[in-house]
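Please open the model in your viewer and keep the selection panel at hand. The stops below say what to select next and what is there.

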Amino acid sequence: MGENGNGGIVTADGVVTRDQVAWDAALLASRLRGQGIRSGDRVVLSAGNSAEFVVALLALIAVDASIVLVDHRQSAGELRRSIAHAKAGRLLCDRTVVPDAPGITVISLENVLSEVRLSRPIDAFADVQDALSFDAWYRRDDGLVLWSSGTTGEPKGIVRSGGSVRRNIERTQRRMGYAADDVLMPLLPFSHQYGLSIVLLWWWSGFTLVVSPSTRLDLALDRITEHGVTVVDATPSSYDTMLAICSKRNRYHDALASVRMWCVGGAPLPASLSGRFRTIIGKPLLDGYGTSEAGNIALAVGEDPRGVGRALDDVEIAVVDNDGAPVPPGEHGEIVVRTPDYLNATLGPDGEPVPVEDREYRTNDLGWLDDQGNLTVVGRKQAVHRLGHTIYPDALVEKAERCGCPVRVVPFDNERLGSELVFVVADEHDRDARYWRTRLAAELAEYERPNRVVVVPEFPLNLNGKVDAEELRGIARGGGGDAPGTSPIPYPERLRALRAVVEFLHAQRAQVHELLTEVSHHATVNGEIDLCIRTLEGAQDELLRHRPRALEGAAVFMPSNIPLYSYVLYLLIPSLYCGQVRFRASSKVADLTRKLHELLSPAHNLPIHDCSMTQREFLSGPVAESELVVLTGTYHNAEKVRAQLRSDQLFLYFGQGVNPFIVGPDADLRRAIPALIDVRMINSGQDCFGPDRIFVHESIADVFVPALCHYVAKLRHGDNRDTTSDYGSMYYLDAFADSFDYLRRNARHIVSGGEVNIIDMHLRPTVLDLPLDPKAPATEMFAPIFNVVRYSTPDDLLSVLGSPFYVDRAMGATVYGDVPEVVAFLEKRHQVTTESTLVDHDDGNVPFGGRGIVANYAALGARRVAEPLLVSKAVADYLGQTGPAARGRRLVGAAGHA
């Protein structure tokens, strides 16, 4: 058994014992019942791999909920669609998930577990096992809902009974023979069928479970030695990376002997990888086959495995031709399964289960059986027709890889041949296409041979580590990985560098956190790191949407806040289409920006250069030489810079907005006030998202203001790294001085706070109750100051919001309550959120901003357009796109701005 594991869960933070998990799950189940969750209620669970995920899963089973699992890496839109389709009433999620689904009750996994642990009674349950009874869930027909893309790519809700899940786990245990002294380390998501089965096997079998990030396989290898791991479960691409690490680091050669089973799932196992792994590690890769619809179907064991092994007990596998007739052993066909664990329904459009009467499971997977009943899975059954023959590209891959290198077959329509086949070979030795054409000819029938062969050093991967099918298709179409026009991303090879940064942020989060808390509060830093990871993971899709053309270079004036997020938005992602990116740090955070660059540079090795020089030197050098110039700062400085640019240089300005927060007469103050405090107190009030004016209807102002003062007064001050604090001292001296002067001038309006400690720059969060004055400027507040302004009618409010000062600074706006005329007015110029804040909708891969010229604009020469901005989209719009339809958009409008 793993060191100190004792059948518990080993995490980066220590060991969570089985008893602790049981207690936490029982208490959480009790709390969930207290919050109104009843037997049969549909609840979405979305979280990363953690002990907390396991606790939540067990608690929901104990509650007898219908559990809907959603991958925590899904986009907010996909999560929203899953919730709506499943008709779920509650979402239980961790901080890796950004909920954006109106009408659903969101339960923070971290918060609710903290609450139950703090309030844990000494004898809450006489018998934890009784409190965690799963009997009712085993009888539930819709115990589990998973998602499968099937053959259409459109997610389909798979409904399985609790009993079928349990029976499938029992079959799996009988085949794999896990023992209590085993230590399992699954490197795949718990929210998917394969990972879920490992979690439930842990609970029912009693072994130790090690949780390790799948993005840092070097750390995973270290944990094998540290905890005596005996079973590893991972995808083929993860094992490929492990072999690469082992080949470079001798310390692993004798350190992996504790592992008795290396198990594979999630994708077909290439024969070449299987062979290399056995040669280097000395043990076989044990492949398996399972689906969301049926659970585990076949699993290979032993020292001499064949394919994915034989079917589990009471599971039948057949391989059939296009007419449904069984084919002889060794012949390819579609895999058909009969299993007692098969789904019993799919989710209909109304969220109700639609029973599945046909118990024969046509998998649409291609494979073959040997004469001993061992199944080999080749891939998806995606047939093409060529020269009168029906050909399965994935079956050709299986044959082609006998030549010793990974191969992918990409088909294209061809009017004369039916299909043209391009073989892409990943050959690190860079042998030419003629060599591979000769090798392939020996393995393939004449009608199976390639029309073209393209050789690349390695296959392109997306940010999740899988082969990027679209990028691969672009390479196949163009005939070479570096040929112009083969990819809509000008520098696709740099996606790997962005992925390396994502892995670095996961693995070295504590180090990055320590650096960023020099200027930012710990809560802000945690949110910033998470947002950066999501933004980097969305970078590829962003560029595929907008297709900016290649630029020689970009020059960036970096902002003084959100240093990591700015590094991602303005440096890392633009490096995918800019030959080089040069930046000048803000003098206020120059030292930290330099440290951050030095920390991240070894991870990405991209042509991103820190230019430590004066603004004059930066203008005459990097700026003058760049096609793209980006500046975040004051409008005055932006205009000075723009005046020195050529007419062919694109200038993007990210400025300032008032970001008004509107509270209507019928607003739910229980939601509006906490939301206001959250957004205003980002980084202790030092963030551009913070609203400079809070407009509250007169009818509720006398309730709103005291309530706001009450909650603001409870905020706890502390050091930026003090995790018990709600906010820290101010960092920016000029902002502190301006705030001090502002409060001095408006002292008569202060109703809460106002205390200032000059020595440590501590400004107590302050609430002011101000009169409505259409002529009064809303000074940008980079401080924990709440400027509350009362209004009587929508017309009074619109007279302020429509004034030139507010129009020029139209960026974002937030509205709580039903004030449709105000929302309609704001939407003409602002990015508006209702019943949620701007932070709730922050997405680094989509344009943000308003139509105020002081808020943001794009400029070419003398013409400017004030519009929501995203750097890649602006480049595509104004400088041109990649591809045959590439064209730029002309800036229109008056000489001043449009």
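The second largest cavity of this predicted model has a volume of about 40 Å³, and to bring up its lining you should select Asn659, Phe661, Val679, Phe689, Pro691, Thr814, Thr837 and Leu838. If you then colour that selection by residue class, the lining shows 5 nonpolar and 3 polar residues, with no charged residue among them.

Next, move to the largest cavity, whose volume is about 60 Å³; the structure holds 2 cavities of 30 Å³ or more. Its lining is selected with Leu144, Leu146, Arg160, Val165, Asn168, Ile169, Gln193, Leu196, Ser197 and Leu200. By class, these residues of the largest cavity divide into 6 nonpolar, 3 polar and 1 charged. Which element gives the most to the lining of the largest cavity? Show strand E7 (144–148), helix H7 (162–176) and helix H8 (193–205) as cartoons, since each of them supplies at least two residues of that lining, and it is H8 that gives the most, with 4 residues.

Now select serine 872, which has its place in helix H29, spanning residues 871–878. Is serine 872 buried or exposed? Its relative accessible area is 1%, and because the limit for a buried residue is under 20%, serine 872 counts as buried. To see what surrounds serine 872, add Glu542, Leu543, His546, Pro548 and Tyr577, the residues that it touches when those up to four places away in sequence are not counted. Within that group, turn to glutamate 542, whose side chain makes a polar contact of 2.6 Å with the side chain of serine 872.

For the last stop, select cysteine 578 and cysteine 611. How many disulfides does the structure hold? The count is 0: cysteine 578 is in no disulfide, and the nearest cysteine sulfur to its own, that of cysteine 611, is 14 Å away. Cysteine 611 is likewise in no disulfide, with the sulfur of cysteine 578 as its nearest cysteine sulfur, 14 Å away. Because a disulfide requires the two sulfur atoms to lie within 2.5 Å, a distance of 14 Å does not qualify this pair. With the surface switched on, look at the accessibility of both residues: cysteine 578 counts as buried at 0% relative accessibility, and cysteine 611 also counts as buried, at 9%.

Methods: Residues are numbered from 1 along each chain as its sequence is written. This is a predicted model: local features need pLDDT of at least 70, side-chain atom pairs count only at pLDDT 80 or more; totals for chains, interfaces and linings use all residues. Side-chain values use heavy atoms; hydrogens and water are left out. Buried means under 20% relative accessible area, exposed over 50%, partly exposed in between (1.4 Å probe, protein chains only). A polar contact is a pair of N or O atoms within 3.5 Å; within protein, one must be able to donate a hydrogen and the other to accept it, and residues adjacent in sequence count only if both atoms are side-chain atoms. Contact means heavy atoms within 4.5 Å. On a 1 Å grid over the protein atoms alone, a cavity is a set of points where a 1.4 Å probe fits but cannot get out, and a pocket is an open set with protein on both sides within 12 Å along at least five of seven lines; lining residues have an atom within 4 Å of a point. Grid points are joined across faces, edges and corners, and a volume is the space filled by probe spheres set on the points. Ala, Val, Leu, Ile, Met, Phe, Trp, Tyr, Cys and Pro count as nonpolar, Asp, Glu, Lys and Arg as charged, and the others, Gly among them, as polar.
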